[in-house]
Amino acid sequence: MTGGSGGGPLPDSLPDPLLDPLFTTAEAAAAFAPSRRLQGMLDFEAALARAEVRAGVIPAAAAGPIAAACDASLYDLAALGAEAALAGNTAIPMVKHLTRRVAETDADAARFVHWGATSQDAMDSGLVLQLRDFLRGLDGDLSRLADALADLARRHRDTPVVARTWLQHALPTTFGLKAATWLDAVGRDRARIAAARGRLALQFGGAAGTLAALGDRGMAVAEALADELDLPLPALPWHATRDRVLELATALGLLAGTLGTIGRDLSLLMQVEVAEAFEPAAPGRGGSSTMPHKRNPVAAAVMLQAAVRAPGLVGGLLAGMVQEHERGLGGWHAEWQALPDLCRIVAGSARHAATAVAGLEIDAARMRANLDLTHGAIMAEAVTMALGERLGRMAAHGRVSEATKRAAAAGRPLRTVLAEDSVIAGALDADALDRLFDPLGYVGSAGDFIDRALAAHGKAKETQP
């Protein structure tokens, strides 16, 4: 089975093998596969045993047999799931099955499985390990996307294109600035995700967040456990304070919106009536089951669906943030499926975005032609500002507005109608009018903005690990 969004084979455990190849990536699917969820908890248990040996809490001989049994392939996922339906979480049956398997080889070691920990310690720390793997793959795609956007911004720094506000022609801009605007937003998203990733930490507090079962060795075990898992050690356990996870969820939700905005623009640019930019063509990509001529914006569709779905998932996760006392009821449970779902769809969106932008086909000639669709009316503000220096802004605005209406009614070029106005002609000669109707002469600070976005991108690349 291969993934439509790239990245190699997808795991057979996909919830929906028909649609998931479109909406997620191989890496994200693997990071949140049921076996990986189990392995994350087992990695915690193996590390816990090693940490407790280091802290002198359990016998040194116990760590090996426990670690040897911490292999997800040794367990029946369906059986664990059936027991979790009764127990209320996946860690409880996991610990039972793990203890049983360790006892088969070393009864003494089995006595120290999960020593001093609680179910949520294993589940949350396992989740953090999953998220770490997921974010590595996601950032790879975001890096590709950012580099592709930076390349577009550089190559099309001086490619004029219509700027559209309220979906209508507004003023000239450059396609380079449009790409730089996308780049700048993606850079902020990456920074937010990196900050959230830095605050993901070990979860280890025992039954009520005090590590009471470990006596005076609790902090020693916590420090060794954080070291074993290569995770930050927080100031204290975070069982009922979910901001660490929710910070990442909200950052992913914002990323979904950024990618959705890019997808919306790409889909509009691909419309036949606009035809300024196109997703890359490939065999079997974007076709129709009945219309041979169709070239559908597949990547944009995936980016938009993620932007539609993400707010609901993030909203549900935020609603679950309000929890009770030292361990929450229901709110924590709401994360178990919603957060992986959010991660999967955002990963798919990012992969499609990176692929589409890297291969984007630009029709600069069509962009230039579309600037002329209004027969020069798009340059009305440029004329108004130049004329305003002689007549005053309001008087100039009124005169150019009337000329624009006359030009539209007669289907004539605005440049011609303006030249026939004695007042305007007296203030602006033919050469001045010609200059004012050059789209690249009225893009303001577009080049400076592009340079700033590219500089920020370059600086971010220098500081990335």
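Helices α3 (34-54), α8 (119-155) and α13 each put at least two residues into the lining of the largest cavity. Helices here are DSSP runs (H or I, at least four residues), strands are E runs of at least two, and both are numbered from the N terminus. Keep in mind that this is a predicted model: local features need pLDDT of at least 70, side-chain atom pairs count only at pLDDT 80 or more, and totals for chains, interfaces and linings use all residues. Residues are numbered from 1 along each chain as its sequence is written, and side-chain values use heavy atoms, with hydrogens and water left out.

**The cavity**

Searching the whole structure turns up 3 cavities of 30 Å³ or more. A cavity is a set of points, on a 1 Å grid over the protein atoms alone, where a 1.4 Å probe fits but cannot get out; lining residues have an atom within 4 Å of a point. Points are joined across faces, edges and corners, and the volume is the space filled by probe spheres set on them. The largest cavity holds about 120 Å³. It has 13 lining residues, and R37, M123, D124, L127 and W336 sit closest to its centre. The top contributor is α8, with 5 residues. The lining splits into 6 nonpolar, 3 polar and 4 charged residues, where Ala, Val, Leu, Ile, Met, Phe, Trp, Tyr, Cys and Pro are nonpolar, Asp, Glu, Lys and Arg charged, and the others, Gly among them, polar.

**Helix α12**

Helix α12 (residues 298-319) has 22 residues, so at 1.5 Å a residue it should span 32 Å, and its end C-alpha atoms are indeed 32 Å apart. That expected span is 1.5 Å times one less than the number of residues. There is a bend of about 30° at R309, with a proline, P311, following within four residues; the bend is the angle between axes fitted to the seven residues ending there and the seven starting there.

Buried residues of α12 include V302, M303, L304, L313 and L317, with buried meaning under 20% relative accessible area, exposed over 50%, and partly exposed in between (1.4 Å probe, protein chains only). Among the elements covering them are α1 (20-23), α11 (243-269) and α13 (335-358), contact being heavy atoms within 4.5 Å.

**Two positive phi values**

Neither L167 nor H325 is a glycine, yet each has a positive phi.

| Residue | Phi | Loop | Relative accessible area |
|---|---|---|---|
| L167 | near 70° | between β1 (160-165) and β2 (168-174) | 65%, exposed |
| H325 | about 50° | between α12 and α13 | 72%, exposed |

Technical notes
On a 1 Å grid over the protein atoms alone, a cavity is a set of points where a 1.4 Å probe fits but cannot get out, and a pocket is an open set with protein on both sides within 12 Å along at least five of seven lines; lining residues have an atom within 4 Å of a point.
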